[in-house]
Amino acid sequence: MENLFAFAENQGFKVSILPLKANDGLLYGNHIGLREGIDDMEYMKYLLAHELAHAYLHEGDTIHSPFHAEYERQADKGAALILDLLNFMEGEER
Ligand SMILES: [Zn+2]
């Protein structure tokens with residue numbers, strides 16, 4: 001988790017824990033918001049990876065886009081790549 005947070009901040013994103021209502025994760029410009037009160041670290045990691053994937057893959061408002069469902073599918077695939085790579089690299093360190 002720290003590695004992914006550090007990566008995000010290093011890439012110029014500001015990651016904040018926020019009292020979000022409608023979503024568990026949100027991307028606005030270079031700001032990533034994660035809903036407060038989530039104690040599942042794996043899920044937090046997934047949320048951060050998912051929002052990072054949006055940031056790299058998509059532009060503008062994906063929530064209200066007619067392609068929203070497709071963008072979500074792409075962000076999930078991007079998140080899977082990020083998390084698999086991170087797990088692989090963290091495994092190498094052991
Ligand atoms: Zn999304």
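# Exercises on a predicted model

In this predicted model, strand β2 has a covered face made up of Gly25 and Leu27, and an uncovered face with Leu26 and Tyr28. The exercises below start from this strand and proceed to the sheet, the helices and the core.

**Exercise 1. Explain the distribution of the β2 residues over two faces, and determine how β2 pairs with β3.**

Step 1. In a regular strand, side chains point alternately to one face of the sheet and to the other. In β2, Gly25 and Leu27 belong to the covered face, whereas Leu26 and Tyr28 belong to the uncovered one.

Step 2. The strands β2 and β3 run antiparallel and are joined by 4 bridges. Within this pairing, Gly25 stands opposite Leu34 of β3.

Step 3. The two strands form a hairpin with 2 residues between them. In its turn, Gly29 has a positive phi of about 60 degrees.

**Exercise 2. Establish the strand order of the sheet and identify which strands stand at its edges.**

Step 1. The sheet is open and consists of 3 strands in the order β1-β3-β2, with mixed pairing.

Step 2. β1 (14-18) and β2 (25-28) each have a single partner strand, so they stand at the edges and one side of each lacks a neighbour in the sheet. From one strand to the next, the twist averages 20 degrees.

Step 3. β1 and β3 (residues 31-35) run parallel and are joined by 5 bridges. The bridge partner of Ser16 in β3 is Gly33, and that of Leu18 is Arg35.

Step 4. Helix α2 (residues 41-57) packs on the sheet and touches β1, β2 and β3. The direction of α2 makes about 30 degrees with that of β2.

**Exercise 3. Determine whether α1 is largely in the open or buried, and examine how β1 is covered.**

Step 1. Helix α1 (residues 2-10) has 9 residues, of which the number buried is 0, so α1 lies largely in the open. Gly12, which follows α1, has a positive phi, near 95 degrees.

Step 2. In β1, the count of buried residues among its 5 residues is likewise 0, and this strand is hardly covered.

**Exercise 4. Describe helix α2 and its part in the largest nonpolar core.**

Step 1. α2 has 17 residues and reaches 24 Å from its first C-alpha to its last, close to the 24 Å expected at 1.5 Å a residue.

Step 2. The buried residues of α2 include Lys45, His50, Glu51 and His54, as well as Leu47, Leu48 and Ala49.

Step 3. The largest nonpolar core comprises 12 residues, among them Leu27, Ile32, Leu34, Leu48, Leu52 and Ile82. β3, α2 and α3 (68-93) each supply at least two residues of this core. With 6 residues, α2 gives the most.

Step 4. Leaving aside residues up to four places away in sequence, Leu48 touches Leu4, Ala8, Val15, Ile32 and Leu34.

**Exercise 5. Classify Leu52 as buried or exposed, and locate its contacts.**

Step 1. Leu52 lies in helix α2.

Step 2. A residue is buried if 20 or more other C-beta atoms lie within 10 Å of its own. Leu52 has 23 other C-beta atoms within 10 Å and is therefore buried.

Step 3. With residues up to four places away in sequence left out, Leu52 touches Ala8 and Ile82.

Step 4. Leu52 and Asn30 are 22 residues apart in sequence, and their C-alpha atoms are 9.4 Å apart in space.

Key. Residues numbered from 1 in each chain as written. Predicted model: local features only at pLDDT ≥ 70, side-chain atom pairs only at ≥ 80, totals over all residues. Pairing = 2+ DSSP bridges. Axes fitted to C-alpha atoms, helices over the stretch in contact; angles between N-to-C directions. Contact = placed C-beta atoms within 7 Å. Core = buried A, V, L, I, M, F, W, Y, C linked by C-beta atoms within 7 Å. Expected span 1.5 Å × (residues − 1).
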